[in-house]
Amino acid sequence: MHKDTYTFAHAQDLVMRFERVLKSIEIQIQPGSILERLCLNTIDLCEKHEHPELRPADSVDVRPSYREMVGLFDLLVKLVSCERHLAFKRLAPHLHLLNAGNPLQSVNTSVLDQGNNKLFELYVAALCLGVPVDDVVLDDPHSSQGNNPDVIATYGGKRWGFACKALHSVAPKTIMDNIRKAIDQIEESAADSGFP
C-alpha cells in the first residue's frame, strides 16, 4: 500500500476502509468536521473522474481540492496499513482528535490549531508502526506536560524518542528554541536515542 502513485478507485476505497477502522475503535467521522469534508471531497473527485459529465463546465481551479485529497490519502494510507499492529489501539486518543482539527500535514494551519499539532504526533506514530516497530507510546494529547518526546517507539530493543514540533514561524530564534526543547525532551526521557 505504500506506493508513490495510486488510482482514484484506490483513494475512494481507502476512505471507506478508514471509516471502518475508526468504527472498529468506536470513532465516528463527525458531520460538519473538516475530516468529513475531506473524505467527501475525495469521493466527489473520484466520482467526477469516473463521470466527466459531472465536472463543472466553467474553469474552476481544482488544485486545492486535489492537494487536500493527496494530503488525506497520505495520512489514511499510513493509518489503515498499521491497523493490525498490536499497538494501534494506543493511537485512539489521537485518532479522536481527527474530528477536532485539520488532519492534513500538507497545508498551513493556524498556530491556534493545537489539534493539528497533536495530529502530527499521530502521523509520526503511524510512520513508526509502518516500519514496523515492536511498540509505540504516545504522550497523552490532553494532559501532555511537554517534558518528554511525543512519540517513543521501540525498535530492535532500543527506545527512540520523536519530539514533534509544529513550526508556525520562520524566525531563526523560534526554530532554534524548538529544536533545543526537542533535544531536551529526548535527553531527559527514557528514550535511548531520538530525533526532533
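Trainee: How many salt bridges does the count come to in this structure?

Mentor: A salt bridge is here a side-chain nitrogen of Lys or Arg within 4 Å of a carboxyl oxygen of Asp or Glu. This is a predicted model, in which local features need pLDDT of at least 70 and side-chain atom pairs count only at pLDDT 80 or more, whereas totals for chains, interfaces and linings use all residues. Residues are numbered from 1 along each chain as its sequence is written, and side-chain values use heavy atoms, with hydrogens and water left out. By the rule for salt bridges, the count comes to nine.

Trainee: Which residue forms a salt bridge with E68?

Mentor: Side chains of opposite charge can pair when their charged atoms come close. For E68, the closest N and O atoms of the salt bridge are 2.8 Å apart, and the partner is R37.

Trainee: How many residues apart in sequence are the parts that E68 and R37 tie together?

Mentor: Helices (H or I, at least four residues) and strands (E, at least two) are DSSP runs, numbered from the N terminus. Because E68 lies in helix 3 (residues 63-81) while R37 lies in helix 2 (residues 34-50), the pair ties together parts whose separation in sequence is 31 residues.

Trainee: Is E68 buried or exposed?

Mentor: Buried means under 20% relative accessible area, exposed means over 50%, and partly exposed is in between (1.4 Å probe, protein chains only). Its partner R37, at 41% relative accessibility, counts as partly exposed. E68 has a relative accessible area of 16%, so it is buried.

Trainee: Which residue forms a salt bridge with K78?

Mentor: K78 counts as buried at 10% relative accessibility, whereas its partner is partly exposed with a relative accessible area of 27%. The two residues are four apart in helix 3, so about one helical turn separates them. The closest N and O atoms of this salt bridge are 2.6 Å apart, and the residue that pairs with K78 is D74.

Trainee: Which residues are linked with K173 in a network of salt bridges?

Mentor: The side chains of D177 and R180 meet in a salt bridge of 3.8 Å, N to O. Being three residues apart in helix 6 (residues 172-187), D177 and R180 are separated by about one helical turn. The network of salt bridges links K173 with D177 and R180.

Trainee: Which residues of helix 2 are buried?

Mentor: Helix 2 has 17 residues and reaches 24 Å from its first C-alpha to its last, close to the 24 Å expected at 1.5 Å a residue, where the expected span is 1.5 Å times one less than the number of residues. The buried residues of helix 2 are L35, L38, C39, N41, T42, L45 and C46.

Trainee: What arc around the axis do they cover?

Mentor: The arc is that of the directions from the helix axis to the C-beta atoms. The buried residues lie on the same side of helix 2, because they cover an arc of only 155°.

Trainee: What is included in the cover over the buried residues of helix 2?

Mentor: Contact means heavy atoms within 4.5 Å. What covers these buried residues includes helix 1 (8-24) and helix 3.

Trainee: In strand 2, which residue is the bridge partner of L138?

Mentor: Along strand 1 (residues 135-138) the side chains alternate, with V136 and L138 buried and pointing to one face, while D135 and V137 point to the other and are not buried. Two strands pair if DSSP finds at least two bridges between them, and four bridges join strand 1 to strand 2 (residues 151-155), the two running antiparallel. The bridge partner of L138 in strand 2 is V151.

Trainee: How many aromatic pairs does the structure hold?

Mentor: Rings of Phe, Tyr and Trp (its six-membered ring) pair if their centres lie within 6.5 Å, and planes under 30 degrees apart count as stacked, over 60 as edge-to-face and the rest as tilted. By that definition, the number of aromatic pairs in the structure is three.

Trainee: What is the angle between the planes of W160 and F195?

Mentor: W160 and F195 form a stacked aromatic pair, 5.7 Å centre to centre, and the angle between their planes is 5°.
The pair links distant parts of the chain, with W160 in strand 3 (residues 158-162) and F195 in strand 4 (residues 193-195), 35 residues apart. The angle asked for between the planes is thus 5°.
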